Amino acid sequence: ALSRVEQVEELRLEMSEMMRGIEETQNFKPALSLVLGAAEAFPQEAFWRPFADKLCDRMAREFFRQGHWQDATWAAQVRQLAETGSVSAMLLEGHLLMAGYGVSRDEARGVALYQKAFEVGRRRDARFYYAEALFEGRGVAQDLEKADTLVLSFMTRSKHPLEVFLAAQLLWRKAEGDASRWQDVYDLLSHVAEKHPPARHLAAMVLLDHGKTVRE
């Protein structure tokens, strides 16, 4: 019989081996079952959490790329992982609830998971999804001030096009009441215009409608 320490080490090595090819596979079932089994067997341990995050982040990328997985029943296991406190699993379950994939669509619960993931992990991706929901009023009452608090002090300095784009949209709201802010809106959008075509479109709208406030 293996001791507890030996069991943990055996599982850790097995997960390490399985995760080596996770970027190439679309069949997440074996890895998902293994990580979930480790979480259920050793709920107080932390060794499986990095593997859970890596797996759920990979699954989220594949879901956004294709809009589906091979097996919608995986959603139930994602939910079980989210209940363990895995931030990546919370975000992934939030995506599934927002899309209604493998579960009944429930945008309010999806946003609640985004919020919880942000409060627990303070991760930038959780910040983005929660702030975006607040800005759009999707699954939650629109709250531009709260979205502003989450976004403007952080995402205006970001190099990620989607984060800057969201920050620019919030700043746009401010510029509608304060024309001196249009220059700031244009500067933000122009920084990511080459990487994110919608930003180029909005930057052109600023030039057309508020050209006197910008240099070009």
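Which helix is the place of His 95? His 95 sits in helix α5, which covers residues 87–99. Helices here are DSSP runs of H or I with at least four residues, strands are runs of E with at least two, and both are numbered from the N terminus.

Before going further, some ground rules. This is a predicted model, in which local features need pLDDT of at least 70 and side-chain atom pairs count only at pLDDT 80 or more, while totals for chains, interfaces and linings use all residues. Residues are numbered from 1 along each chain as its sequence is written, and side-chain values use heavy atoms, with hydrogens and water left out.

**Confidence and overall build**

The pLDDT, the predictor's confidence in each residue from 0 to 100, averages 92 over the protein chain, and 99% of the residues score at least 70. Among the elements, helix α5 has the highest mean pLDDT at 97, and α8 has the lowest at 90. As a rule, where pLDDT is low, the predicted coordinates should not be read in detail.

The protein chain comes to 11 helices and 0 strands. Its C-alpha trace spans about 75 × 30 × 30 Å along the principal axes. Of the 216 residues, 43% are buried, meaning under 20% relative accessible area with a 1.4 Å probe and protein chains only (over 50% is exposed, in between is partly exposed). Contacts are heavy atoms within 4.5 Å. Take those with a sequence separation of 6 or more: residues 24 or more positions apart account for 53% of them.

On the outside, the protein chain exposes about 11,300 Å², and carbon and sulfur atoms supply 51% of that. The areas come from the Shrake-Rupley method with a 1.4 Å probe. As for charge, there are 28 positive and 32 negative side chains, and the centres of the two sets lie 2 Å apart. Lys and Arg count as positive and Asp and Glu as negative, with His and the chain ends not counted; each charge is placed at NZ of Lys, CZ of Arg, CG of Asp or CD of Glu.

**Three buried side chains**

Here are three residues with their helices and relative accessibility.

| Residue | Helix | Relative accessibility |
|---|---|---|
| Met 15 | α1 (residues 4–19) | 0% |
| Phe 118 | α6 (residues 107–121) | 4% |
| His 95 | α5 | 5% |

Leaving aside neighbours up to four places away in sequence, His 95 touches Ala 60, Phe 63, Phe 64, Tyr 114 and Tyr 129. With that same allowance, the contacts of Met 15 are Leu 34, Val 35, Ala 38, Phe 47, Trp 48 and Phe 51. Met 15 and Leu 32 are 17 residues apart in sequence, and their C-alpha atoms are 9.9 Å apart. Phe 118, again without those neighbours, touches Arg 123, Ala 126, Arg 127, Tyr 130 and Leu 150. Its C-alpha lies 26 Å from that of Val 185, 67 residues away along the chain.

**Helix α9**

Now for α9 (residues 161–175): its 15 residues should span 21 Å at 1.5 Å a residue, and the end C-alpha atoms are 20 Å apart, which agrees. The expected span is 1.5 Å times one less than the number of residues.

Is α9 mostly covered or mostly open? Mostly covered, with 11 of its 15 residues buried. Among them are Glu 163, Phe 165, Leu 170 and Trp 172. The cover includes α7 (124–136), α8 (144–155), α10 (182–192) and α11 (197–210).
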